[in-house]
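The following exercises are to be worked with the sequence and the coordinates at hand. Each task is followed by a solution in steps.

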Amino acid sequence: METIRREYQTIIEEHWEENRKAAWETREWLQHSSVAYHGRCVRTLQIPKVFTRRDIRRFQEIVSVTYGIFQKVIREYLDNPAYRKLFPFSPELEKLILVPSRYDSLLPIARFDIFYNEETGDFKFCEINTDGTSAMNEDYVLNQAIALNPAHQTMRKRHDFSAFELYDSWVETFLSIYRTYENAVKHPHVAIVDFLENASITEFEEFQRRFEKAGISCEIGEITRLSYENHRLISPQGRPIDAVYRRAVTTDIMARREEVLPFLEAVKHQDVCLIGAFKTQIIHNKWLFKMLREEPTLSLLTPKEQDFVRKHVPLTGLLDSRGSCRQTLLREKDRWLIKPLDSYASRGVWAGCDCTEQEWESHMDASMDQNYIWQEYCPPYRTGNICFIEEPVQWKEYTNMSGLFVYNGQLAGIYSRLSDGGIISSQYNEKAVPTLVLTE
């Protein structure tokens, strides 16, 4: 992989002006593409992320073991009231989690974000996304934009590359899960639902096109405008909904539950097929990392799975003034980060290595007893890359994160993000690059 990266770098250095000009053309193209919405646009770098077949086999192994562990955790939560009490969910959310989904999947879709060492194959988990799993469109569009990259066009003449397909494969997975639903109909009407003011609407529109290409009627629905009549969930267009592809994250639903009562009533009465059901929150909430390393969960796992957890799940605890964590976190700030228990888009995440001592203490004290966790900081693997859009234009070492898209337990693709800081934040320093697989 490093040999391939250096090959890209050599081509860029030998054709500097051509690649610089192409970078600005790519920026302009992206700003008029479907990855520009809500006032922001995906930012990229010049060298794509290229994985080998060996890396893909490693990712498949990671997904297989992790998914098996998550299934055990979800089942134990559903079956064991004592285990249930160890999670920080409200009584209202717990009731929603316990509603039967009535189809054969405990975790239909997820993205496992990991820090992957490209030299050794070792890794650490960063976080798990379930409800609201996104960024399929970013990878799709970036793999189109790379046609403007002259270094890549040269590399294509030397090597064989392939990309992942994340749209049709999810539609196929969604429908295969739906067919196991107890009340499945032959021609379901599907609704993609979210709070649309926050939604990746262009991504939804592409999914809608792919459902319709598969012969399935589909619409995008504002979750606050759904209605519930005669045991049917009704879309804003007045159509009965057979299956929901839920993109509204649980934390937003619970914060605005008075606005989405028809949706919640249909779910509680099991009058709609909800993919994914609220049980996915067991895995989405960052409390999971704490639970995975403790005995009630470890006792559910095989020795191999226990070893996997201890090696790859970072140490995690509650940022609570009643504990003794504060002094340790202050004294060894570069070893830790803090993040909200249940958030997304890197909101409220701080790494000690990115802060001065005063900043770190301020962030930590402001987050104390505010449903935050502290977590072991895992120094990520870094690779050289270049951005022609930001000054100074120079080669830098970038932090890497690999987001493993998981469709019903199978690796479906990879979302590659980088930053020049200690953490990768979509609000500040995040860059995304297309993911390719070296097929030769």
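**Exercise 1.** Determine how far strand 18 is enclosed in this predicted model.

*Solution.* Step 1: a residue counts as buried when its relative accessible area is under 20%. Step 2: ten of the 13 residues of strand 18 meet this criterion, so the strand is largely enclosed by the rest of the structure.

**Exercise 2.** Which strands pair with strand 18, and over how many bridges?

*Solution.* Step 1: strand 4 runs antiparallel to strand 18 and is joined to it by six bridges; within this pairing, Asp-113 has Gly-403 of strand 18 as its bridge partner. Step 2: strand 17, residues 382-386, is also antiparallel to strand 18, with five bridges, and here Asn-385 is matched with Lys-396. Step 3: strand 19, residues 410-419, is linked to strand 18 by nine bridges, again in the antiparallel sense; Asn-400 lies opposite Leu-418 of strand 19. Step 4: the connection between strands 18 and 19 is a hairpin with two residues between them. In that turn, Asn-408 adopts a positive phi of about 50°.

**Exercise 3.** Identify the buried residues of helix 8 and the elements against which they pack.

*Solution.* Step 1: helix 8 covers residues 168-178, and its buried residues are Trp-170, Val-171, Thr-173, Phe-174, Leu-175, Ile-177 and Tyr-178. Step 2: residues three or four places apart in an α-helix point the same way, because there are 3.6 residues a turn. Step 3: the packing partners of these buried residues include strand 18 (395-407) and strand 4 (109-116). The others are strand 7 (189-194), helix 9 (201-213), strand 11 (243-246) and strand 12 (273-275).

**Exercise 4.** Establish the strand order of the open four-stranded sheet and its edges.

*Solution.* Step 1: the order is 13-16-14-15, with antiparallel pairing. Step 2: strand 13 (316-318) and strand 15 (350-351) each pair on one side only and are therefore the edge strands. Step 3: strand 15 is held to strand 14, residues 336-340, by two antiparallel bridges, and Ile-338 stands opposite Trp-350 of strand 15.

**Exercise 5.** Assess the overall dimensions of the protein against the globule rule.

*Solution.* Step 1: for 440 residues, a compact globule would have a radius of gyration near 22 Å. Step 2: the protein has 22 Å, which agrees with that value. Step 3: the C-alpha trace spans about 70 × 55 × 40 Å along its principal axes. Step 4: buried residues account for 57% of the 440 residues.

Note on methods
Residues numbered from 1 in each chain as written. Predicted model: local features only at pLDDT ≥ 70, side-chain atom pairs only at ≥ 80, totals over all residues. Heavy atoms only, no water. Rg over C-alpha atoms; globule rule 2.2 N^0.38 Å. Buried < 20%, exposed > 50% of the residue type's maximum accessible area, 1.4 Å probe, protein only. Contact = heavy atoms within 4.5 Å.
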